[in-house]
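Reader: I have a model open on my screen and would like to learn how to read its strands and helices. Could you walk me through a few features?

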Amino acid sequence: MCGIVGYVGDGNVYDILIKGLHRLEYRGYDSAGIALVTPEGKLNVYKAMGKVSNLEGFCKEKDLSGKAGIAHTRWATHGEPSDCNAHPHYSEDGNLAIVHNGTIENYKVLKDALAQHGCTFHSETDTEVLVQLIEYIKLKNNCELVDAVREALKQVVGAYAIAVIEKNNPDRIIAARKSSPLVIGIGDNEYFLASDATPFVEYTKECVYLKEEELAVIEKGEPLKILTLENQESKIDVTTLQMSISQLEKGGYPHFMLKEIFEQPNTLLDCIRGRVVAGGKHVVLNGVIDNIDKFLKAKRIVIVACGTSWHAALLGKYLIQGMCRIPVEVEYASEFRYSDPVLDEQDIVIAISQSGETADTLAAIQIARKMGAFVYGISNVVGSSIPRETDSGTYIHVGPEIGVASTKAFTGQVMVLTMLAISIAQVKETLSKEQIEELGKHILKIPKTVEKVLKLADKIERLSLIYTYARNFLYLGRGYSYPVALEGALKLKEISYIHAEGYPAAEMKHGPIALIDAEMPSVIIAPNDHLYEKIVSNVQQVKARGGSIIAIVTEGDTVIRNIADHVLEVPDMPECLTPIITSIPLQLLSYYIAINKGKDVDMPRNLAKSVTVE
């Protein structure tokens with residue numbers, strides 16, 4: 001979950017690294033650090049607690065010269081956030097510096113063994129153990145750094161993305177990865193290294209994504225060299241980035257989260273483009289078409305995901321079961337991997353992850369493939385691990401999402417799952433041509449419909465003032481609106497730190513109703529669907545106990561409008577498409593409440609965007 005940046009070349013190393021850290025700060029902001037190899041062969045390491053701006057302040061009077069450098073923004077795993085535990089970490093002789101994303105599971109065994117050989121440790125991190133191990137092997141075997149790194153990584157159990165520099169080789173970085181992302185940017189007589197491509201998109205569009213257990217020798221003036229841990233050269237596949245620098249800037253918005261909420265008309269249009277065709281009569285997903293036999297023969301689909309993606313997965317269950325009549329199960333990826341799952345060749349596993357790097361989801365994919373299941377990935381980041389590890393899949397194409405609390409990625413995931421269900425139903429003929437065309441026409445209207453929903457922002461901002469200091473919230477929904485309730489509650493928790501719970505509205509009577517009083521508002525998602533009359537009853541139950549109600553309803557609603565304290569109206573849509581529409585007012589509500597409380601909505605405490613550790 002940490003962010004790594006590296007650079008070798010004739011540019012201003014410090015400036016490039018600091019700018020890159022700012023771009024990756026969404027991955028971690030407990031502390032930050034930078035290591036520079038000067039032209040004279042001196043290794044300078046500077047570290048600071050907190051955000052990257054604190055590191056910049058600390059570096060103002062320092063020697064910032066460098067021919068190569070590595071930098072890091074941290075989300076703490078081993079050792080609390082502190083200057084000492086911040087990366088980069090030195091080897092004991094001061095010749096090496098390392099930055100690391102991931103978790104070394106056997107670090108304690110390695111640490112004890114190194115201590116017996118006289119190594120002294122200054123931090124609580126697993127990362128320092130790794131750099132000390134590399135140094136120990138290098139000195140013991142009198143070998144090159146690249147060979148010492150290879151041998152050290154063979155002894156490591158766990159996940160890692162690392163970058164190592166050596167003061168005696170100021171033009172070179174050694175990098176390696178396993179279960180944690182690293183991408184190399186190829187410039188004009190210069191190389192960039194990062195956890196994702198955002199730090200170098202303004203400098204080059206050419207990049208190489210390191211594969212599992214690959215090691216890269218990145219040296220100015222030399223061709224890029226990629227090796228396996230067995231010292232075999234790997235083929236280098238160069239990818240051209242589609243990302244633009246404007247996608248990484250706020251564009252006049254005060255926060256990335258608000259920008260990304262308001263981008264949804266365009267991101268949904270990008271998600272749909274070329275996939276819903278012939279005026280809505282057909283849905284074309286190549287990942288499904290090319291593997292349609294797998295879907296037609298599937299006895300079961302299991303969807304694995306974490307966090308917001310898990311809420312999208314729940315909606316995927318309703319969509320696929322309802323349209324395709326295929327049994328669907330939804331699993332937390334973190335639990336799936338330890339649940340002794342039963343899968344075979346007739347099962348399909350759909351893995352959903354915005355980043356494409358979620359560690360638990362990747363582990364679930366590996367288990368599923370070993371058991372013979374066909375694995376389909378849904379991700380946002382081109383070239384990330386999940387698209388490479390799955391048999392087929394679909395990108396959501398919503399552009400970089402910088403805000404930690406997912407917004408446009410959620411609606412993009414739900415849109416892809418909707419199109420996936422329709423595309424299977426077309427072939428299975430579980431939906432009629434008329435039903436498909438009706439859904440297709442409404443999907444094509446969704447970007448404009450979302451624009452209309454976003455016009456509620458001013459009303460929601462005013463409404464948020466009433467509820468800013470509530471200590472608890474209850475979110476209720478039924479059917480397709482139940483996962484929306486879960487997602488709305490998660491958004492509020494993530495960025496405002498207010499406790500909130502999402503429930504199926506009918507389950508309220510089985511416990512949560514005991515919590516309802518005048519101080520606990522309920523947010524009820526109640527579009528005009530086949531369960532509307534049922535949820536009206538739930539609204540009345542809340543009101544009868546003195547609860548305050550915010551209701552999301554369909555335009556023209558007259559029943560709940562007369563019961564709820566506050567009503568937010570959204571346009572009428574087919575039931576299966578309502579989650580995309582009803583989730584947006586909840587995104588705005590959480591945003592404005594958090595802003596009223598003075599919270600950092602883009603970088604909420606204890607959270608990071610890409611969860612690449614278990």
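**Reading sheets and helices**

Author: Gladly! Strand 6 and strand 7 (residues 158-166) are joined by nine bridges and pair in the antiparallel sense. Keep in mind that this is a predicted model.

Reader: What do strands of a sheet pair through?

Author: In general, strands of a sheet pair through backbone hydrogen bonds, and the pairing is either parallel or antiparallel. In this structure, one open sheet has six strands in the order 5-6-7-8-12-13, with antiparallel pairing. Its edge strands are strand 5 and strand 13 (225-228), each pairing on one side only.

Reader: Which residues stand opposite or act as bridge partners of Ala97?

Author: You can look to either side of Ala97. Tyr90 stands opposite Ala97 of strand 6, and in strand 7 the bridge partner of Ala97 is Ile165. Strand 5 (residues 89-90) pairs with strand 6 over two bridges, in the antiparallel sense. The hairpin of strand 5 and strand 6 has five residues between the strands, and Gly94 takes a positive phi near 75° there. Further along the sheet, strand 8 (residues 169-178) and strand 12 (residues 214-219) run antiparallel and are joined by six bridges; Ile173 has Ile218 as its bridge partner in strand 12.

Reader: Are the faces of strand 6 covered or open?

Author: The general idea first: in a regular strand the side chains alternate between the two faces of the sheet. In strand 6, both faces are covered. Leu96, Ile98, His100, Gly102 and Ile104 are buried on one side, and Ala97, Val99, Asn101 and Thr103 are buried on the other. That fits the count for strand 6 (residues 96-104), where nine of its nine residues are buried. Helix 4 (residues 126-141) lies across strand 5, strand 6 and strand 7, and runs at about 130° to strand 6.

Reader: Where is there parallel pairing?

Author: Look at the open sheet of five strands in the order 23-22-24-25-26, where the pairing is parallel. Strand 23 (499-504) and strand 26 (566-570) stand at the edges with a single partner strand each, so one side of each has no neighbour in the sheet. On average, neighbouring strands of this sheet are turned by 15° against each other, direction ignored. Helix 17 (residues 481-496) packs on the sheet and touches strand 22 (472-477), strand 23 and strand 24 (522-526); its direction makes about 175° with that of strand 23. For a register to check by eye, strand 25 (residues 549-554) and strand 26 are joined by five bridges, and Ile550 stands opposite His566 in strand 26.

Reader: How are two packed helices described?

Author: By the angle between their axes and the distance between the axes. Here, helix 14 (residues 408-428) packs with helix 15 (residues 433-454) at an angle of about 160°, and their axes are 11 Å apart. That angle makes helix 14 roughly antiparallel to helix 15. The crossing of helix 14 and helix 15 is left-handed. Met415, Thr418, Ile422 and Gln426 of helix 14 make the contact with Ile436, Leu439, Ile443 and Ile446 of helix 15. By class, the contact has six nonpolar, two polar and no charged residues.

Reader: Could we finish with a single residue? Is Ala313 buried or exposed?

Author: Ala313 has a relative accessible area of 0%, so Ala313 is buried. Ala313 lies in helix 10 (residues 308-324). Leaving aside residues up to four places away in sequence, Ala313 touches Ile303, Ala305, Val330, Ile352 and Leu417.

Definitions and conventions:
Residues numbered from 1 in each chain as written. Predicted model: local features only at pLDDT ≥ 70, side-chain atom pairs only at ≥ 80, totals over all residues. Heavy atoms only, no water. Pairing = 2+ DSSP bridges. Helix = DSSP H or I, 4+ residues; strand = E, 2+ residues; numbered from the N terminus. Axes fitted to C-alpha atoms, helices over the stretch in contact; angles between N-to-C directions. Contact = heavy atoms within 4.5 Å. Buried < 20%, exposed > 50% of the residue type's maximum accessible area, 1.4 Å probe, protein only. Parallel < 35°, antiparallel > 145°, perpendicular 65-115°, else oblique. Left-handed = near helix turned anticlockwise from the far one by under 90°. Nonpolar A, V, L, I, M, F, W, Y, C, P; charged D, E, K, R; others polar.
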